[in-house]
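Subject: Structure handover

Hello,

Here is the structure I said I would pass on. My notes on it follow below the entry.

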Amino acid sequence: MKGLLIKDFKLLKNQKQFFVVIGVISIMFLLTNENPSFTITYTTMMFSMFTMSTISYDEYDNGAVYLFSLPITRKGYVIEKYTFGIITSLFIWIVITVLSYIVGGIRKIEMPLDELAAISMAALVVVSLILAVSIPLQLKFGVEKSRMAFIAVFALAFVVAVAAIKLAEWSSIDISTLLEKMSHVSFGAGIIVLLILAAAMLGISGVISLRIMEKREF
């Protein structure tokens, strides 16, 4: 797995222009927006998507056939992709969160530290969800088809969410009251719940990705 990580980080170095552009856009958002939630989510998401690019590079021009002729197991390959995605996402997530706090202080934007932490954790869960959905889709369908499948999955999730809200209203469940009760949960407990949720999504996704890889033929 170490060799695969080195390979992917070397691929990362070749994308300097892309990351410079994303960095400039993120700084502009920080300097113009009052709320850093979008900037933190957007920046972390854009950097995490490079994990899918590494899968595309691996499969380009039948590269996967050569890759798996080396002493690399399919399980090791799947674990490396999730490890790489988590490392890159966590790194840029920490950087952009710290920058948001610093820029907010310079711009005299009043935002309690616990509120910024909550925003950052929510962004991390969103990025974890994107990784959890994107990696198995990419491994299963490839570059082009996975994009359509990705859109279809989130469209289905939206439909399910709307249906759940309508069902709750039909069942006389007061969603606003439920959300209000959730808001009273302690900060520490909320962070733990979000971390467990992110870990659960990635864990389930990892199992699915491993099964996909075991069935693939190269």
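To begin with one detail: how far apart are the closest N and O atoms in the salt bridge that Lys81 forms with Glu80? The distance is 3.7 Å, and both of these residues are buried. I come back to Lys81 further down, after the overall picture.

Overall picture

Please keep in mind that this is a predicted model. The mean pLDDT of the protein is 77, and 77% of the residues score at least 70. Confidence varies between the elements: helix H6 (residues 74-106) has the highest mean pLDDT, 88, and helix H8 (residues 175-183) has the lowest, 51.

The protein contains nine helices and zero strands. Read from the N terminus, the order of elements is therefore simply α-α-α-α-α-α-α-α-α. Of the 218 residues in the protein, 34% are buried.

Helix H6

Helix H6 turns up in several of the findings, and its length can be checked. With 33 residues at 1.5 Å a residue, H6 should span 48 Å. The C-alpha atoms at its ends are 48 Å apart, so the expected span and the model agree. After H6 comes Lys108, which has a positive phi, near 60°.

Salt bridges

Side chains of opposite charge can pair when their charged atoms come close. The structure holds three salt bridges. Besides the bridge between Lys81 and Glu80, there are two that involve Asp8, as follows.

- Asp8 and Lys7 meet through their side chains, with 2.5 Å from N to O.
- Asp8 also forms a salt bridge with Lys81, where the closest N and O atoms are 2.9 Å apart.

Lys81 lies in H6 and Asp8 in helix H1 (residues 2-13), so this second pair ties together parts that are 73 residues apart in sequence. Lys7, Asp8, Glu80 and Lys81 are thus linked in one network of salt bridges.

How covered are the members of this network? Asp8 has a relative accessibility of 0% and so counts as buried. Lys81 is buried as well, because its relative accessible area is 1%. Lys7, at 23%, counts as partly exposed, since the limit for buried is under 20%.

Aromatic pairs

A pair of aromatic rings is described by the distance of the centres and the angle of the planes. The count for this structure is five aromatic pairs. In the pair of Phe29 and Tyr42, the ring centres are 5.8 Å apart and the planes stand at 90°, so the pair is edge-to-face. Phe29 belongs to helix H2 and Tyr42 to helix H3 (residues 37-48), so the contact ties together parts that are 13 residues apart in sequence. Phe29 is partly exposed, at 25% relative accessibility, while Tyr42 counts as buried, at 17%.

Tyr42 also pairs with Phe38. Is that pair stacked or edge-to-face? It is stacked, with 5.7 Å from centre to centre and 20° between the planes. Phe38 and Tyr42 both lie in H3, four residues apart, which is about one turn of the helix. Phe38 has a relative accessible area of 45% and is partly exposed.

Elsewhere, Phe9, Phe50 and Phe84 form one aromatic cluster.

Nonpolar surface patch

There is also a nonpolar patch on the surface, of about 1000 Å². Its residues are Ile27, Leu31, Phe91, Ile94, Val95, Val98, Leu99, Tyr101, Ile102, Ile106 and Leu113. Which elements give two or more residues to the patch? They are helix H2 (16-32) and H6. The largest share, eight residues, comes from H6.

One of the patch residues is Ile106, which is placed in helix H6. Ile106 has 64% relative accessibility and so counts as exposed.

In short

If you look at one element in the viewer, H6 is a reasonable choice: it has the highest mean pLDDT among the elements, it holds Lys81, which pairs with Asp8 of H1, and it gives the largest share of the nonpolar patch. Helix H8 is the element with the lowest mean pLDDT, 51.

Regards

Key:
Residues numbered from 1 in each chain as written. Predicted model: local features only at pLDDT ≥ 70, side-chain atom pairs only at ≥ 80, totals over all residues. Heavy atoms only, no water. pLDDT = per-residue confidence, 0-100. Expected span 1.5 Å × (residues − 1). Patch = residues over 30% accessible without salt bridge, like charges linked within 9 Å, V, L, I, M, F, W, Y side chains within 5 Å. Areas by Shrake-Rupley, 256 points an atom, 1.4 Å probe, with all protein chains shown as cover. Salt bridge = Lys/Arg side-chain N within 4 Å of Asp/Glu carboxyl O. Buried < 20%, exposed > 50% of the residue type's maximum accessible area, 1.4 Å probe, protein only. Phe/Tyr/Trp six-rings, centres within 6.5 Å; stacked < 30°, edge-to-face > 60°.
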